[in-house]
Amino acid sequence: MFDKPAHPDAVRLWPGSIPISHRYTAGLAGERFFRALAERGVFLASRCARCSVVSCPPAAFCERCLDAVDEELEVGPSGTLASFTVVRIGFDGEPLPAPVVVGLIRLTGADTCLVHRVAGDPATLQVGMDVEAVLRAPAARTGSLDDVEHFRLSRGSSSPEPPPRSRGSSSPEPPPR
Amino acid sequence: MARDPFPTRSLSDREFHEGVVTVSHSVRAEYRWDAGEAIGRYLDGLRAGRIMGRECRECGRVLVPPRMFCEQCFRPTDRWVEVPGTGTVNTYSVCYVTWDLRRLTVPELPAVIDLRSGGIMHKLGDVEPGDVHIGMSVEAVWKPAEDRQGSILDIAYWKPV
Amino acid sequence: MGRRVAVVGAGMTRFVRRSLETGKELAWEAARCALDAAELTVDDIDAVCIGTAPDAFDGVHMKGEYLADGAGGWNKPVIRSYVGGGTGVFCAVQGWYHVASGMFDRVLVVAEEKMSSTMPHPQGAFLTIFDHITERPLEPNLLWIFALEMNRYMTTYGIEKADIARVAVKNKRNAAGHPAAQLGQADITVEDVLASEVLAWPVQRLDVSPVSDGAVAVVMAAEDVANRTCDKPVWVEGVGWNLDTAYWTNRDLAYPAYVERAARMAYEMAGITEPRREIDIVEPYDPFDYKELHHLEGLQLFGKGKAPEAARDGVLDRDGDLPSCPSGGLLGVGNPIAAAGLMKVAELFWQLRGEAGARQVPGTPHRGLAQAWGDLMQVGTVIVLGR
């Protein structure tokens, strides 16, 4: 249908970018969550009266029933490590100078998880372990997720009981160290 | 309406920038676009000081910017045709602001310049805004050959004939 | 064409320059408002159609998915559509065919935009609508496209700027009666518009609709459900949509042929042969004042170049022969891109039920048309509603 290009090596590439920046509000619920974190060093959650789901970070509405959510409570600062991963490669594919552990943490009292950094040797971590938040000093907190420096294993934390094995099931292999 | 709208919380400019919790972020979206066959030849033509179009024999149009297919007849276009560097002003504007609404010291004259079968967007120059009119004949003012790079900017602007 | 479908509820947020609410919370506010108006819960909804324009405005990738749980989409079939400014009417069309197909009985349609997130100005997101190789090197500005089209339209038909300015005045005054409006102004005059700052001649500041945050939602239901549960269902009588070439400089800018084609599609479905006589209220898309006139001609409501006379003669006023943008339009209520189009659909719902309060057009209007437009000025989307 089309003629073959006469000079297939002369592909012309045009470099460019889409320069765009944003400033995001935290929203009705987020404003309260981050102010409480910065000013009082606590984690706020919300509870839907109809569905009883406790969300942290909190929400202004419940996505299940679409009711407004008015009940606010504190959760954490301890919790459990619902999952984690060890990241060794950066955004552009470059090797990181040191591995970074990112965890999914369910704060005590909440039904939902949040994502944050986990400090410590990845070899000591297992799903299900108790963790606790390490906050920055009050003067250093600005109302940001970064007001939490990271999570770490709780003092006195030990390996949780391994899950019961049913016939034919297997746990995933731990990542290579 | 029967019911009042939701009490959406409006923020002043100052509240937005200083009063509420916000997060700022810039997107790093970088690209290297393949010009494709038609635009590749178009750009080569511009470097050589020529405007190249593609003819569709079925509708008879000479398409600029060129494309390897005619979107109206939905068939491949048939051959390359050089289009003269003269045209008429289909429409123009006198623009006093940048894209982020800062005032320009010298206004720009963006225009659509009709060629054989339709126009391209470019700018007018060597003319006072008050002297421009729709239907005016214009010609391309080319950059010197050594400054041309294979870009729509190889035409510096269009001026009245 | 499939089952009959009605709009049975509508709701919206206020349209504001910057909201504290996140986009997700805006979507929820509108969805909640529409469900309450229809006396329904989210469990009564079978599917959700979300309309939201470029992800780049809110700055959230996969914006439809992000908004979905505010829009009642949790654990439901959800679809998100996007045709630039045409989205607000287009997502209503999607809601229509979801129900008309027989697949779903009740659908929630939600349109949202949070443009205030884009820094330093939402124009930065619009810039990439120009061709990256053949246009962006010229460092264009979105205002150019509108100014170029406006000039072509004015010059082709010998239109005076004052007649175009009348549309901005009409809409901003109409919006003074809208509780959710961003720019309602009861005392604005043509002189105010003509004296406003020239941005890209012939476009002046007061010709242009604002940057806005906001959301709108409507509930659509199948005939038997609507008749059983809604006191005054507003029926979808026709839909149409059409896309023209993206090579905008190769097109005739004086006339929106794609709006005509979308309108003809809707008129045929609705059995309308004389639109000017058979339509009582029109809500054409008005991001700029001249666009309302441009679109009224594409909609076959006035001859080419003839809409400005109608503006001058008061035909388009709320108490005129063909009220146009009685809501106050984008120029008066605001322009959160996708939500603006759905606002026009909601307006027709309220008008046809006699619930538009201070904005109510007199008499008993039976049939209205809402139209939106967008992309690289190439999409027309139309919906005809009636009682």
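A residue is called buried if 20 or more other C-beta atoms lie within 10 Å of its own. The structure used in these exercises is a predicted model.

**Exercise 1. A covered helix**

Determine how far helix 1 of chain C is covered, and check its length against the expected rise per residue.

Solution.
Step 1. Helix 1 of chain C covers residues 23-37. Of its 15 residues, 14 are buried, and the helix is thus mostly covered.
Step 2. The expected span of a helix is 1.5 Å times one less than its number of residues. Because helix 1 of chain C has 15 residues, it should span 21 Å.
Step 3. The end C-alpha atoms of helix 1 of chain C are 21 Å apart, in agreement with the expected span.
Step 4. Just after this helix, C:Glu39 adopts a positive phi of about 55°.

**Exercise 2. One residue and its surroundings**

State whether C:Val234 is buried or exposed, and identify the residues that it touches.

Solution.
Step 1. C:Val234 belongs to strand 9 of chain C, which covers residues 234-243.
Step 2. There are 26 other C-beta atoms within 10 Å of C:Val234, and therefore C:Val234 is buried.
Step 3. Leaving aside residues up to four places away in sequence, C:Val234 touches C:Ala6, C:Val7, C:Phe349, C:Leu352, C:Arg353, C:Leu385 and C:Arg387.
Step 4. From C-alpha to C-alpha, C:Val234 and C:Gln94 are 16 Å apart in space, while 140 residues separate them in sequence.

**Exercise 3. Two pairs of helices**

Classify the packing of helix 4 with helix 15 of chain C, and that of helix 7 with helix 12 of chain C.

Solution.
Step 1. Helix 4 (residues 87-100) and helix 15 (residues 337-352) of chain C pack at an angle of about 60°, and their axes are 6 Å apart. Helix 4 of chain C is therefore oblique to helix 15 of chain C.
Step 2. Helix 4 of chain C contributes C:Thr87, C:Gly88, C:Val89, C:Cys91 and C:Ala92 to this contact, and the residues they meet in helix 15 of chain C include C:Ile337, C:Gly341 and C:Val345. By class, the contact of helix 4 with helix 15 of chain C has 10 nonpolar, three polar and one charged residues.
Step 3. Helix 7 (residues 161-175) and helix 12 (residues 289-298) of chain C have axes that come within 7 Å and cross at roughly 100°. Angles of 65 to 115 degrees count as roughly perpendicular, so helix 7 and helix 12 of chain C are roughly perpendicular to each other.
Step 4. This contact is formed by C:Ile164, C:Ala165, C:Val167 and C:Ala168 of helix 7 of chain C, together with C:Asp289, C:Tyr290, C:Glu292 and C:Leu293 of helix 12 of chain C. Its residues comprise six nonpolar, no polar and two charged.

**Exercise 4. Where chain A meets chain B**

Describe the side of chain A that touches chain B, and the strand pairing between the two chains.

Solution.
Step 1. The contact involves 24 residues of chain A and 21 residues of chain B.
Step 2. On the side of chain A, strand 1 (13-25) and helix 1 (27-40) each supply at least two residues. Strand 1 of chain A provides the largest share, 12 residues.
Step 3. The side of chain A that touches chain B has 13 nonpolar, seven polar and four charged residues.
Step 4. Strand 1 of chain A runs antiparallel to strand 1 (residues 22-34) of chain B, and 13 bridges join them. In this pairing, A:His22 has B:His25 as its bridge partner.

**Exercise 5. A sheet shared by chains B and C**

Describe the contact between chains B and C, and trace the sheet with the order 9(B)-8(B)-6(C)-7(C).

Solution.
Step 1. Chain B gives 41 residues to the contact and chain C gives 45 residues. Strand 11 of chain B gives the most to the side of chain B, with five residues. That side divides into 25 nonpolar, 10 polar and six charged residues.
Step 2. The sheet is open, has four strands and shows antiparallel pairing. Its edge strands are strand 9 (103-108) of chain B and strand 7 (203-204) of chain C, each of which pairs on one side only.
Step 3. Within chain B, two bridges connect strand 8 and strand 9 in the antiparallel sense, and B:Cys95 has B:Glu108 as its bridge partner in strand 9.
Step 4. Between the chains, two bridges join strand 8 of chain B to strand 6 (residues 198-201) of chain C, and these strands run antiparallel. Here B:Val94 stands opposite C:Trp201.

Methods:
Residues are numbered from 1 along each chain as its sequence is written. Chains are lettered from A and ligands numbered from 1 in the order in which they are written. This is a predicted model: local features need pLDDT of at least 70, side-chain atom pairs count only at pLDDT 80 or more; totals for chains, interfaces and linings use all residues. Two residues are in contact if their C-beta atoms, placed from the backbone, lie within 7 Å. Ala, Val, Leu, Ile, Met, Phe, Trp, Tyr, Cys and Pro count as nonpolar, Asp, Glu, Lys and Arg as charged, and the others, Gly among them, as polar. Two strands pair if DSSP finds at least two bridges between them. A residue is buried if 20 or more other C-beta atoms lie within 10 Å of its own, exposed if 12 or fewer, and partly exposed in between; C-beta atoms are placed from the backbone. Axes are lines fitted to C-alpha atoms, for helices over the stretch in contact, and angles run from 0 to 180 degrees between N-to-C directions. Angles under 35 degrees count as roughly parallel, over 145 as roughly antiparallel, 65 to 115 as roughly perpendicular and the rest as oblique.
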